[in-house]
Amino acid sequence: MKRILTAAVLIPAVIGLILWGHAYLLAGVSVVIAELGLWEFFRLAEASGSRVARTSAYAFAAAIVFAGIARSSSVCVLGAIVFFLMLAMTWAMFSGRELARFLAEVSSTLLGIVYVAVPLSLLVWVCLRPGGRALALLA
């Protein structure tokens, strides 16, 4: 019953936000949703025994969602993911930890970002294109 009530309230709010909301408001709400989704994803990852880099992932996810406001979002997102991966691997070299354990941590963190934040950044990007608000409702 709780899920039904939540859906009854949130579905019209999301449709209204997509159709009539300002781009920055849409990006801000998407960041909040991405952060909550990452929190849930990381909670599940840690329950399975994997460690994650929460602080850097939250900041990186917010940056990716706000990159959706840029004109060429796909290039920004791809460049940001590559930069984050290089930064994480550099950190691995100097941390002194076992490489296999650190690769599992980086993989869990990066999967959470790609799985949760990238689709939300693309939602913002699609909404800003001509005729994109109607297309975003199909997603």
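The overall make-up, helix packing, nonpolar cores and aromatic pairs of a predicted model are described below.

The protein contains 6 helices and 0 strands, so that the order of elements from the N terminus reads α-α-α-α-α-α. Of its 139 residues, 35% count as buried. Among contacts between residues at least 6 apart in sequence, 68% join residues that are at least 24 apart.

Helix H1 covers residues 2-20. At 1.5 Å a residue, its 19 residues should span 27 Å, and the end C-alpha atoms are 27 Å apart, in agreement with that expectation. Within H1, the buried residues are Gly-16, Leu-17 and Ile-18. Helix H2 gives a similar agreement: its 25 residues should span 36 Å at 1.5 Å a residue, and its end C-alpha atoms lie 36 Å apart. Buried positions in H2 are Ala-23, Leu-26, Ala-27, Ser-30, Val-31, Ala-34, Leu-38, Phe-41, Phe-42 and Ala-45. An α-helix has 3.6 residues a turn, so residues three or four places apart point the same way. Just after H2, Gly-49 adopts a positive phi of about 100°.

The packing of H2 against H3 was examined next. The axes of these two helices come within 9 Å and cross at roughly 150°, and the crossing is right-handed. On the H2 side, the contacting residues are Ala-27, Gly-28, Ser-30, Val-31, Ala-34, Glu-35, Leu-38, Trp-39, Phe-42, Arg-43 and Glu-46. Their counterparts in H3 are Arg-54, Ala-57, Tyr-58, Ala-61, Ala-62, Val-65 and Phe-66.

The largest nonpolar core comprises 21 residues, of which Phe-42, Phe-60, Ile-64, Val-65, Ile-81 and Ile-113 touch the most other members. At least two residues of this core come from each of helix H2 (23-47), helix H3 (54-67), helix H4 (73-95) and helix H5 (99-127). A second core, separate from this one, has 7 residues, including Leu-26, Ala-27, Val-124 and Cys-127. In soluble globular proteins, nonpolar side chains tend to be buried together.

A search of the whole structure yields 3 aromatic pairs. In one of them, the ring centres of Phe-41 and Phe-42 are 6.0 Å apart and the planes stand at 70°, so the pair is edge-to-face. Phe-42 is buried, with a relative accessible area of 0%. The rings of Phe-42 and Tyr-58 also have their centres 6.0 Å apart, but with their planes at 50° the pair is classed as tilted. Because Phe-42 lies in helix H2 and Tyr-58 in helix H3, the latter pair ties together parts that are 16 residues apart in sequence. Tyr-58 is partly exposed, at a relative accessible area of 22%. Phe-41, Phe-42, Tyr-58 and Tyr-115 form one aromatic cluster.

Towards the C terminus, Gly-132 lies in helix H6 (residues 132-138). Gly-132 has a relative accessibility of 2% and therefore counts as buried, the cut-off being under 20%. Apart from neighbours within four places in sequence, Gly-132 is in contact with Val-126 and Cys-127; Cys-127 is also a member of the second nonpolar core. Gly-132 and Leu-19 are 113 residues apart in sequence, whereas their C-alpha atoms are 9.4 Å apart in space.

Terms used
Residues numbered from 1 in each chain as written. Predicted model: local features only at pLDDT ≥ 70, side-chain atom pairs only at ≥ 80, totals over all residues. Heavy atoms only, no water. Core = buried A, V, L, I, M, F, W, Y, C linked by side-chain atoms within 4.5 Å. Buried < 20%, exposed > 50% of the residue type's maximum accessible area, 1.4 Å probe, protein only. Helix = DSSP H or I, 4+ residues; strand = E, 2+ residues; numbered from the N terminus. Expected span 1.5 Å × (residues − 1). Phe/Tyr/Trp six-rings, centres within 6.5 Å; stacked < 30°, edge-to-face > 60°. Axes fitted to C-alpha atoms, helices over the stretch in contact; angles between N-to-C directions. Left-handed = near helix turned anticlockwise from the far one by under 90°. Contact = heavy atoms within 4.5 Å.
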